[in-house]
Amino acid sequence: MAPIPAEPEEFEYIVIGGGSGGSGTARRAAGWYGKKTLLIENGISGGCCVNVGCVPKKITWNFASMAEALRDSTHYGFATPANIPFDFAHFKAKRDDNILSLNRAYESNWSREGITLVHGTAKFISPKTLSVSLEDGSGEKTFKAEHICIATGGYPIVPGIEGAELGITNEGFFALEKLPKKIAIVGAGYIAVEMAGMLNAIGVEVCMFIREDKFLRSFDPMISETMTARYESVGVKIHKGYKGFERVEKLSVDGGEKVLRLVMDGGGSMEVNELLWAVGRSPETASLELEKAGVKTDGKGYVTVDKFQNTSVEGIYALGDVTGQLELTPAAGRHLSNRLFGPPHLSNSYLPYENIPTVVFAHPEVGTIGLTEPQAISKFGSSNIKVYHTKFTNMFYVPFPEEEKKRNPTEFKIVCEGTEERVVGLHLIGLGVGEMLQGFAVAIKMGATKNDFDATVAIHPTSAEEVVTMR
């Protein structure tokens with residue numbers, strides 16, 4: 001006689017994915033509203049951001065910024081030797097230790113708030129029931145809930161060409177034990193730009209391959225034009241009009257230094273020690289068997305949702321990278337739990353995707369919120385738009401020679417709409433703009449006008465004062 005399948009274990013809320021989004025919605029449901037919550041994770045706790053994204057990226061950005069500061073110190077009279085050696089393995093061990101501590105912190109927080117954690121891979125059996133293949137190999141378990149949230153994130157795309165697997169993605173980048181002497185980075189988005197800036201700052205020869213003549217093309221033209229020129233001026237070799245590689249070949253012998261040959265479409269080749277693919281991400285949905293629950297996806301496989309994170313199936317929600325929306329998963333997750341389980345006044349809680357501040361940890365930093373100038377013109381008409389712009393030298397660079405000053409731009413733009421000149425876009429390039437933007441984002445979110453900016457007393461001497469004194 002065949003064994004009788006066990007009845008599914010029931011929860012009030014099931015979250016698939018233990019990244020920042022899944023954690024945010026699970027913790028709000030369990031910790032604030034006392035809901036019996038299950039969190040299913042098939043990887044390392046904390047997801048992409050903690051393990052192979054934002055956190056190790058920012059630590060590495062700090063590492064690269066330290067290298068820049070040592071070189072810059074000579075302009076202030078310090079007898080700092082050129083090419084000071086560094087121990088990358090020591091730095092990586094410190095960075096890895098920090099990530100491990102965050103992994104433990106995530107799981108500790110889940111435990112403290114009464115969340116049940118199951119390590120395994122989930123798939124839908126029905127709209128309310130999941131089967132989980134347990135990570136320890138002990139078999140499968142089934143779980144049931146009236147509310148299920150998909151927060152499985154995404155994975156980096158690797159082109160389908162011969163030898164593409166010889167390269168790495170952001171995940172492989174943070175596993176590197178030794179820095180390459182020369183690297184090719186394919187991509188024009190913020191991941192490619194951040195990686196290129198960090199590696200160039202610490203002495204790696206960087207070659208970027210981009211399809212157009214500028215990178216960060218979805219940002220304001222001021223940013224894409226100035227930052228592309230800046231990277232070229234500090235030695236990043238940007239190969240424009242990239243059509244793709246025909247194939248990637250491995251030249252190095254086992255145990256030796258990694259050497260790859262990049263064979264170009266149309267002829268020519270280049271040898272590098274590493275190849276980084278930064279050409280986008282795809283949603284992590286293949287294992288979920290969404291069709292069994294009736295959950296709809298778009299042409300690229302992203303789960304389709306409305307502004308409340310509802311999918312096409314009642315009681316199933318999705319947030320974060322798996323939806324193709326902006327990567328604002330903790331905030332969206334908390335709003336979702338507020339709406340589902342919170343008091344009546346939060347029953348329509350959702351995260352508006354307008355006026356979201358974003359920082360690119362390039363060299364120098366980029367900060368932006370709201371509409372680009374072309375977007376504002378398209379939305380409101382050119383006659384209803386007024387733009388304020390300034391470009392200047394940050395005081396940090398006062399002791400630097402003129403050619404160095406030119407290579408280190410500080411540039412700001414304010415985009416205003418209507419007769420009241422409501423600020424609908426703010427775009428910043430320069431030292432410290434990542435920290436600077438957060439405060440201005442509050443004002444813009446509240447509907448600040450250019451007059452509000454003008455009426456604010458400038459803090460002197462700072463770069464930020466230029467935002468409230470622009471004419």
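Trainee: This second largest pocket comes out at about 550 Å³ in volume. What makes something a pocket and not a cavity?

Mentor: Keep in mind that we're looking at a predicted model. In a cavity the probe fits but cannot get out, whereas a pocket is an open set of points. Our space of about 550 Å³ counts as a pocket, so by that definition it is open.

Trainee: Which of the residues that line the second largest pocket are the closest to its centre?

Mentor: There are 27 lining residues, and Glu68, Arg71, Asp72, Arg230 and Asn408 are the closest to the centre. Helix H3 gives the most to the lining, six residues. H3, H6 and helix H7 (221-233) each supply at least two.

Trainee: How do the lining residues of that pocket divide into nonpolar, polar and charged?

Mentor: Eleven are nonpolar, nine polar and seven charged. Glu, Asp and Arg count as charged and Asn as polar, so among the residues closest to the centre, Glu68 and Arg230 are charged and Asn408 is polar.

Trainee: How do you know that H3 and H6 pack, and at what angle?

Mentor: The axes of H3 (residues 54-72) and H6 (residues 190-201) are 8 Å apart, at an angle of about 40°. On the H3 side the contact is made by residues including Trp61, Glu68 and Arg71, and on the H6 side by Glu194, Met198 and Ala201. Contact needs heavy atoms within 4.5 Å.

Trainee: Why is the crossing of H3 and H6 called left-handed and not right-handed?

Mentor: Left-handed means the near helix is turned anticlockwise from the far one by less than a right angle. H3 passes H6 in a left-handed crossing, so the turn from far to near is anticlockwise.

Trainee: Now the sheet. Why do S9 and S13 count as edges?

Mentor: The order is S9-S8-S7-S13, an open sheet with parallel pairing. S9 (237-239) and S13 (274-277) each have a single partner strand, so one side of each has no neighbour in the sheet. From one strand to the next, the twist averages 20°.

Trainee: How do you know that S7 and S13 pair?

Mentor: Pairing takes at least two bridges. S7 (residues 182-186) and S13 have four, in the parallel sense, so they qualify. In one of them, Ile183 has Glu274 of S13 as its partner.

Trainee: And what makes S3 and S4 a hairpin?

Mentor: S3 (residues 116-126) and S4 (residues 129-134) pair in the antiparallel sense over six bridges, with two residues between them.

Conventions:
Residues are numbered from 1 along each chain as its sequence is written. This is a predicted model: local features need pLDDT of at least 70, side-chain atom pairs count only at pLDDT 80 or more; totals for chains, interfaces and linings use all residues. Side-chain values use heavy atoms; hydrogens and water are left out. Axes are lines fitted to C-alpha atoms, for helices over the stretch in contact, and angles run from 0 to 180 degrees between N-to-C directions. On a 1 Å grid over the protein atoms alone, a cavity is a set of points where a 1.4 Å probe fits but cannot get out, and a pocket is an open set with protein on both sides within 12 Å along at least five of seven lines; lining residues have an atom within 4 Å of a point. Grid points are joined across faces, edges and corners, and a volume is the space filled by probe spheres set on the points.
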